[in-house]
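Me: I would like a close look at one single part of this structure, worked through slowly. Please give me one connected answer that starts at that part and then moves outward to its surroundings.

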Amino acid sequence: WTFYIIVLCFVALIISVGVLSYQAYTQRPYKEQLAIIHNNKNHFIDMINYLKENETITDSLMSEYQLLNQYNDLNNILPIIKPVDGIITQGVSIKKKNPHHGIDIATSFKSNIKAVQEGIVILSDNITSLGHTVIIAHPNNYYSIYGHMHKRLCKTRDFIKMGDIIGLVGQANNEEGPHLHFEIWHNNLII
């Protein structure tokens with residue numbers, strides 16, 4: 001009976017997380033929606049970790065009920081923290097002439113730039129169009145690009161956690177003030 005009670009509690013928890021996330025999604029501003037979904041995800045992961053630590057539930061049991069992949073996927077959501085505090089001064093533009101594949105966030109010169117989610121640095125280099133640039137590969141084929149840096153604080157192949165400082169804000173040229181050029185890509189599509 002203990003086994004069935006645990007499975008029922010687990011299913012009830014998944015349903016309640018889904019309902020709470022849906023309510024958060026439909027009734028609040030986007031920023032609040034992301035925060036609530038992130039908190040619900042963390043509560044769910046904490047509960048699963050607690051059950052696993054107390055050997056109440058195992059990976060094989062979770063796999064039997066097709067819950068292991070769902071549990072692992074909770075750690076692989078869209079990046080949800082800001083790379084810098086600032087004001088968006090330019091958005092995405094896909095014009096044939098002078099396209100802009102990201103957003104520019106104006107902020108103080110040499111402000112800390114944070115990784116928006118965990119991942120591995122696949123490029124940390126000075127490139128022609130964006131100057132000092134870092135590209136991070138995240139789970140589920142997400143990529144974040146940080147350009148116009150004053151200084152890069154990570155190297156290619158570094159593993160980065162969400163919120164780690166990866167560089168300092170710079171500027172593109174003398175006409176534009178200090179800002180971060182930021183992009184998020186999923187597979188080959190810009191978000």
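Reply: Serine 144 counts as buried because its relative accessible area is 0%, where buried stands for under 20%, exposed for over 50% and partly exposed for what lies in between, with a 1.4 Å probe and protein chains only. Before going further, please note that this is a predicted model, in which local features need pLDDT of at least 70 and side-chain atom pairs count only at pLDDT 80 or more, while totals for chains, interfaces and linings use all residues. Residues are numbered from 1 along each chain as its sequence is written, and side-chain values rest on heavy atoms, with hydrogens and water left out.

Serine 144 sits in strand β6, which spans residues 142-152; strands are DSSP runs of E with at least two residues, helices are runs of H or I with at least four, and both are numbered from the N terminus. Two polar contacts start from the side chain of serine 144: one of 2.6 Å to the side chain of histidine 138, and one of 2.9 Å to the side chain of tyrosine 146. A polar contact here is a pair of N or O atoms within 3.5 Å; within protein, one atom must be able to donate a hydrogen and the other to accept it, and residues adjacent in sequence count only if both atoms are side-chain atoms. If residues up to four places away in sequence are set aside, serine 144 touches Val116, Val134, Ile135, Ile136, His138, Phe182 and Glu183, contact being defined as heavy atoms within 4.5 Å.

Tyrosine 146, one of the polar partners of serine 144, leads to the aromatic rings. The count comes to 1 aromatic pair, under a rule by which rings of Phe, Tyr and Trp (its six-membered ring) pair if their centres lie within 6.5 Å, with planes under 30 degrees apart called stacked, over 60 edge-to-face and the rest tilted. That pair is made by tyrosine 146 and phenylalanine 182, and it is tilted, with 5.4 Å from centre to centre and 50° between the planes. The pair connects distant parts of the chain, since tyrosine 146 belongs to strand β6 and phenylalanine 182 to strand β9 (residues 179-186), 36 residues apart. Tyrosine 146 is buried because its relative accessibility is 0%, and phenylalanine 182, a contact of serine 144, is buried as well, at 8%.

Further along strand β6 comes histidine 148, whose phi is near 60°, a positive value in a residue other than glycine. Histidine 148 counts as buried, with a relative accessibility of 12%. The C-alpha atom of histidine 148 is separated by 9.6 Å from that of isoleucine 127, 21 residues apart along the chain. Isoleucine 127 lies in strand β4 (residues 119-127) and, at 29% relative accessibility, is partly exposed.

Strand β4 also holds serine 124, which is buried because its relative accessible area is 11%. A polar atom of the side chain of serine 124 lies 2.7 Å from the backbone oxygen of cysteine 154. Beyond its neighbours within four places in sequence, serine 124 is in contact with Thr133, Val134, Arg152, Cys154, Lys155 and Thr156. Val134 also appears among the residues that serine 144 touches.

In the loop between β6 and β7 (159-160) is arginine 157, which has a positive phi of about 80° although it is not a glycine. Arginine 157 counts as exposed because its relative accessible area is 70%. Phenylalanine 159, in strand β7, is likewise exposed, at 54% relative accessibility.

For the wider setting, the chain has 4 helices and 10 strands, and of its 191 residues 34% count as buried. Among contacts with a separation of 6 or more, 56% are accounted for by residues 24 or more positions apart.
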